[in-house]
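Colleague: I'd like to learn how the labels people put on a model follow from its values. Could we go through one together?

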Amino acid sequence: MISRSLARFAGVALSFAAFAGTAAAQDFPTRPITMIEPWEAGTSGDITARIVAEFAAQKLGQPIAVQNIAGGGGAKAMLALSEADPDGYTIGNSWVATQIMVPTFEPRIGFDPMGFDPIGLMWVNPFTLTVAADHPANNVDEFVEWAKAQDGVLRVGVCPAVSLPHVVMRRFLEVAEITRYQPIPADGCETSNIQGLFDGSLDFTTGALGAVKIYGDKIKTLAIFTEERSPIEPGIPTAKEQGYDLDWGAATAGWSGLVAPEGTDPERMKKLQDVFREVINSEPFKKKMFEGGFTVQYMEPDAFQDLWQVSLDRLAPALENLKKN
């Protein structure tokens, strides 16, 4: 009799706990959520974070405050996110450079590139081969011919040293067998590099398509380094179709997605995943992102997590070479 009572009591307790957990998830969030952004205010990353935060806040019924924690190539932001309470109230805008590249290049930074919970991929942004508007080359073959005919060392503008545009450009130059060049990192990334094309201090550069397209016919983009053309600028051919296959697949494009600290409450994670899935796949969100030059490409949490490993596998050898050079 006592054992039956205990069993009944245990069953009620378990049912109550399950109900309480479900109710807590339904009530979540009851206060504002913080989204950690690894780039400075006004950058393309910050802009996209604020766009998705605005849309998601309307669905969640609570504000999402974007907190910019710049520095260390994004390491400061990702470290802060990895150390945050996994209660669902802190999430982050993650990038291939900030999450995968920086800790792989410098493991002492203190966080595991795979040590986050995935919410979903938000967008991809191809990188480009870009020159000044008056450059003699109009395609990649002409550019390679021009580059090999130059007497001095070519000056190529790249984003910070440990960045995807930098290693993608190095990979392209390797495939094109261009050996005499000097990468010139710029903290301002595309903005500084495009200015370098204007004033003649750089011979060519690479940058995210969404950032370089705003300059219109003031510059010339000869190729994008992805497997397929971008719907944003379908007139720009890929390097691959011009005979220069980087053979890195999805790892050649910049990606950005939303993540949470590892071990975040599963019920709250599901709600975040559901809300951001709905937002990212919505036409108003896609339209606003497209206008900003970003290709929205949603990816489910598990597939997004697989992309981390693909990026890590492809980029780790390139980063080791970068250390040597």
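Colleague: How do you know that α2 and α10 are in contact?

Modeller: This is a predicted model, and contact means heavy atoms within 4.5 Å. By that rule T48, I51, V52, E54 and F55 in α2 meet P284, F285, K288 and M289 in α10. Sorted by type, the residues of this contact are six nonpolar, one polar and two charged.

Colleague: Why is α2 called roughly antiparallel to α10?

Modeller: Let's set the value against the cut-off. The angle between helix α2 (residues 44-60) and helix α10 (residues 283-291) is about 165 degrees. Angles over 145 degrees count as roughly antiparallel, so α2 earns that name relative to α10. The axes of the two helices are 11 Å apart, and α2 passes α10 in a right-handed crossing.

Colleague: What makes β2 and β11 edge strands?

Modeller: Each of them pairs on one side only. You can follow this in the order of the open six-stranded sheet, β2-β1-β3-β10-β4-β11, where the pairing is mixed. On average, neighbouring strands here are turned by 25 degrees against each other, direction ignored.

Colleague: How do you know that β4 and β10 pair?

Modeller: Two strands pair if there are at least two bridges between them. Strand β4 (residues 116-125) and strand β10 (residues 254-261) are joined by eight bridges and run antiparallel. For instance, V124 has W255 in β10 as its bridge partner.

Colleague: Which strands does α2 lie across?

Modeller: Helix α2 lies across β1, β2, β3, β4 and β10, and runs at about 160 degrees to β2.

Definitions and conventions
Residues are numbered from 1 along each chain as its sequence is written. This is a predicted model: local features need pLDDT of at least 70, side-chain atom pairs count only at pLDDT 80 or more; totals for chains, interfaces and linings use all residues. Side-chain values use heavy atoms; hydrogens and water are left out. Axes are lines fitted to C-alpha atoms, for helices over the stretch in contact, and angles run from 0 to 180 degrees between N-to-C directions. Helices (H or I, at least four residues) and strands (E, at least two) are DSSP runs, numbered from the N terminus. Angles under 35 degrees count as roughly parallel, over 145 as roughly antiparallel, 65 to 115 as roughly perpendicular and the rest as oblique. A crossing is left-handed if the near helix is turned anticlockwise from the far one by less than a right angle, and right-handed if clockwise. Ala, Val, Leu, Ile, Met, Phe, Trp, Tyr, Cys and Pro count as nonpolar, Asp, Glu, Lys and Arg as charged, and the others, Gly among them, as polar.
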